[in-house]
Amino acid sequence: MADRLTQLQDALNSLADQFCNAIGVLQQCAPPASFSNIQTSVNKEQPSSPTEEYAQLFAALIARTAKDIDVLIESLPSEESTAALQVRRAAALQVRRAAALQVRHAAAPTGETRCGPTGETRCGPYR
């Protein structure tokens, strides 16, 4: 799986593609504009296209991709996460781990006296 920055870059590329495609479809489906000073020949027999459906489709795609980008940005580490802060958090986690290990080691003899040697498979009232 790709890291978050690669996912963010892929999402931004997808958003750029969606914007380009939306503009292209809008240009293709837009009704011809008339200019007062310029004579143009326009085919009046052009079939009507579902521009409203295209607009809703591209709006939904762009909104979903923008939300995905927001989620990816929020998941990135903050500027406040410095190396010193990470070292302090790691030290605090190490202290918590050592305390939990002491509790486990203190509970091990109690379990052995209740259940016998550690090689036995049955323990407690089901013996």
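**Exercise 1. Find which residues Thr65 touches, leaving out those up to four places away in sequence.**

Solution. Start with the rule: contact means heavy atoms within 4.5 Å. Thr65 touches Ala11, Ser14, Leu15 and Gln18. Next, look at the side chains. Those of Thr65 and Gln18 make a polar contact of 3.0 Å. A polar contact is a pair of N or O atoms within 3.5 Å; within protein, one must be able to donate a hydrogen and the other to accept it, and residues adjacent in sequence count only if both atoms are side-chain atoms.

This is a predicted model, where local features need pLDDT of at least 70, side-chain atom pairs count only at pLDDT 80 or more, and totals for chains, interfaces and linings use all residues. Residues are numbered from 1 along each chain as its sequence is written, and side-chain values use heavy atoms, with hydrogens and water left out.

**Exercise 2. Place Thr65 in its element, then decide: buried or exposed?**

Solution. Thr65 sits in helix α2, residues 51-75. Helices (H or I, at least four residues) and strands (E, at least two) are DSSP runs, numbered from the N terminus. Now the surface. Thr65 is buried, because its relative accessible area is 9%. Buried means under 20% relative accessible area, exposed over 50%, partly exposed in between (1.4 Å probe, protein chains only).

**Exercise 3. Describe the surroundings of Arg4.**

Solution. Arg4 belongs to helix α1, residues 4-29. Its relative accessibility is 40%, so Arg4 counts as partly exposed. Arg4 touches Ser75, Leu76 and Pro77, again not counting residues up to four places away in sequence. Take Ser75. Arg4 and Ser75 are 71 residues apart along the chain, yet their C-alpha atoms are separated by 7.9 Å.

**Exercise 4. State how many disulfides the structure holds, and compare the exposure of Cys20 and Cys29.**

Solution. A disulfide is a covalent bond between the sulfur atoms of two cysteines. The test used here is a pair of cysteine sulfur atoms within 2.5 Å. The structure holds zero disulfides. Cys20 is exposed, because its relative accessible area is 56%. Cys29 has 15%, so Cys29 is buried.

**Exercise 5. Sum up the whole chain: its elements, its contacts and its buried share.**

Solution. Count the elements: three helices and zero strands. Their order from the N terminus is α-α-α. Take contacts between residues at least 6 apart in sequence: 69% join residues at least 24 apart. Finish with burial. Of the 127 residues in the chain, 10% are buried.
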